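Please read the following explanation with the sequence and the model side by side. It goes from one residue to the strands, then to the helices, and ends with the loops and the confidence values.

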Amino acid sequence: DLSNVIFLTTANNADAIPSPLLDRMEIISLSGYTTDEKIHIARKYLVPRQLKEAGLSDQHLRFTTEGLRLLIESYTREAGVRNLARAIGSVCRKVARKVAEGTQKKETANPKRIAQILGPHEYIRETTVRAGVPGVATGLAWSPTGGELLFIETASTPGQGRLTVTGRLGEIMKESVQAALSYLNANHRELDLPPVAFTHGNFHVHVPAGAVPKDGPSAGMAICAALYSLLRDTPFPTDVALTGEISLTGRILPIGGLKEKVLAAHRLGIRRIIAPFHNQKNLENIPPEVRKEMTFLWVKDINETLHALFPDEFKEKEEKDEDEEEEGNVEAPANE
């Protein structure tokens, strides 16, 4: 008799669960941890456990808060804490060896010492490397292990309007690229874009990390911003990330996984998020300590997004339109 039995199971991705079984299950989604939560977990659980397994005590090794933060941000990249536990264990074992050899009695794991023990940083903040270049935009993606940054790179060459898409993108993302390009072409006058770029130019859209398949309806806004940045030859802001799908008329459609995406952006130093207006209701799911440090802009159409990202470009266009309007209002001198 199994009528009084509750079965619990875990999965990284619910998409692989057969639909008849999924229909009979209660799904509890667990998002990734914030950096502060990881520090708390490390102090209370991970560090004592790893010290014990290495035969050490807190009298031999002490982790500073900044040391743990360095491990979290520069030596691991994950939604959970599994790799963080391994990194802490690696530090503990190397200190334990020196204690056993009698060459060291007490160690403080601060950022400088951790870098000496573990070597060069495994991860860097890619926003400082890739962003800030015309034609490159920062998007947000969802994955089974949490949110991730998604860099959209674009390039244009002389040609006849051919579009190339690379980076192992799925059909949905390929359609997003085509929709973004068609919208910019159809509205090139309002956006002050050169029409010759669409008729006598080829476009290449690339999403790095080509070994990883990518798909999903949330990259359209970032793709459109990257193409606009390319055509206007103006850099994309380094502190902003986008998530949202674009329709052919420029409307921004709602997306899923906002909490995971915001946590990933916060973890990597992004402090401004532009997201669909209809996802504003999901803000309450984001931890309060993260919300305090982030600025959110909720948009309904792509024009709002482009105005927020490139205010100087639109200010220049408005000034040019005003000058042309003034020239058109000047009355011609009457013939004598």
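Asn202 is buried, with a relative accessible area of 12%; the cut-off for buried is under 20%. This is a predicted model, and every value below is computed from it. Asn202 belongs to strand β6. Its side chain reaches the backbone nitrogen of Arg162 at 2.8 Å. Asn202 also has a partner across the strands, since Thr157 stands opposite Asn202 in β6.

From here the strands can be followed outward. Which strand pairs with β6 in the antiparallel sense? Strand β4, residues 146-158, does so over six bridges, while β6 itself covers residues 201-206. Strand β6 is also joined to strand β5, residues 163-166, by four bridges, and these two strands run parallel. In that pairing, Thr164 stands opposite His204 in β6.

Strand β4 has another pairing, with β3. The two run antiparallel and are joined by eight bridges. One point to find on the model is Thr138, which stands opposite Phe151 in β4. Strand β3 spans residues 136-143, and seven of its eight residues are buried, so the strand is largely enclosed by the rest of the structure. When looking at side chains along any of these strands, a general rule helps: in a regular strand the side chains alternate between the two faces of the sheet.

The helices come next. Helix α7 runs from residue 171 to residue 186 and has 16 residues. From its first C-alpha to its last it reaches 22 Å, close to the 22 Å expected at 1.5 Å a residue. The buried residues in α7 include Met173, Ser176, Val177, Ala180 and Leu184. In general, an α-helix has 3.6 residues a turn, so residues three or four places apart point the same way.

Ala180, one of the buried residues of α7, can be compared with Tyr228 in position. Tyr228 is placed in helix α9, and at 1% relative accessibility it counts as buried. The C-alpha atoms of Tyr228 and Ala180 are separated by 9.5 Å, although the two residues are 48 residues apart along the chain.

A further helix, α12, covers residues 302-309, and its buried residues are Ile302, Thr305, Leu306 and Leu309. Why do these residues lie on the same side of α12? They cover an arc of only 95° around the axis, which puts them on the same side. At the start of α12, Asp301 makes a contact with the backbone: one of its side-chain oxygens reaches to within 2.9 Å of the backbone nitrogen of Asn303.

Two loop residues deserve a look at their backbone angles. As a general rule, most residues other than glycine have a negative phi. Asp192 has a positive phi of about 60° although it is not a glycine. Asp192 is found in the loop between α7 and α8, and it is partly exposed, with a relative accessible area of 22%. Asp233 also has a positive phi, near 55°, and is likewise a residue other than glycine. Its place is the loop between α9 and β7. At 59% relative accessibility, Asp233 counts as exposed.

The segment before α1 contains Ala16. Is Ala16 buried or exposed? At 67% relative accessibility it counts as exposed, the cut-off for exposed being over 50%. Ala16 and Gly159 are 143 residues apart in sequence, and their C-alpha atoms are 42 Å apart in space.

The cysteines can be checked as well. How many disulfides does a search of the whole structure find? The search finds zero. Cys92 is buried, with a relative accessible area of 0%, and Cys224 also counts as buried at 0% relative accessibility.

Last comes the confidence of the prediction. The mean pLDDT of the protein is 87, and 91% of its residues reach 70 or more. Among the elements of the protein, strand β11, residues 295-299, has the highest mean pLDDT, at 96. Helix α6, residues 127-130, has the lowest, at 55. Where pLDDT is low, the predicted coordinates should not be read in detail.

Notes. Residues numbered from 1 in each chain as written. Predicted model: local features only at pLDDT ≥ 70, side-chain atom pairs only at ≥ 80, totals over all residues. Heavy atoms only, no water. Buried < 20%, exposed > 50% of the residue type's maximum accessible area, 1.4 Å probe, protein only. Arc of directions from axis to C-beta. Polar contact = N/O pair within 3.5 Å; in protein donor to acceptor, adjacent residues only side chain to side chain. pLDDT = per-residue confidence, 0-100. Disulfide = S-S within 2.5 Å. Expected span 1.5 Å × (residues − 1). Pairing = 2+ DSSP bridges.
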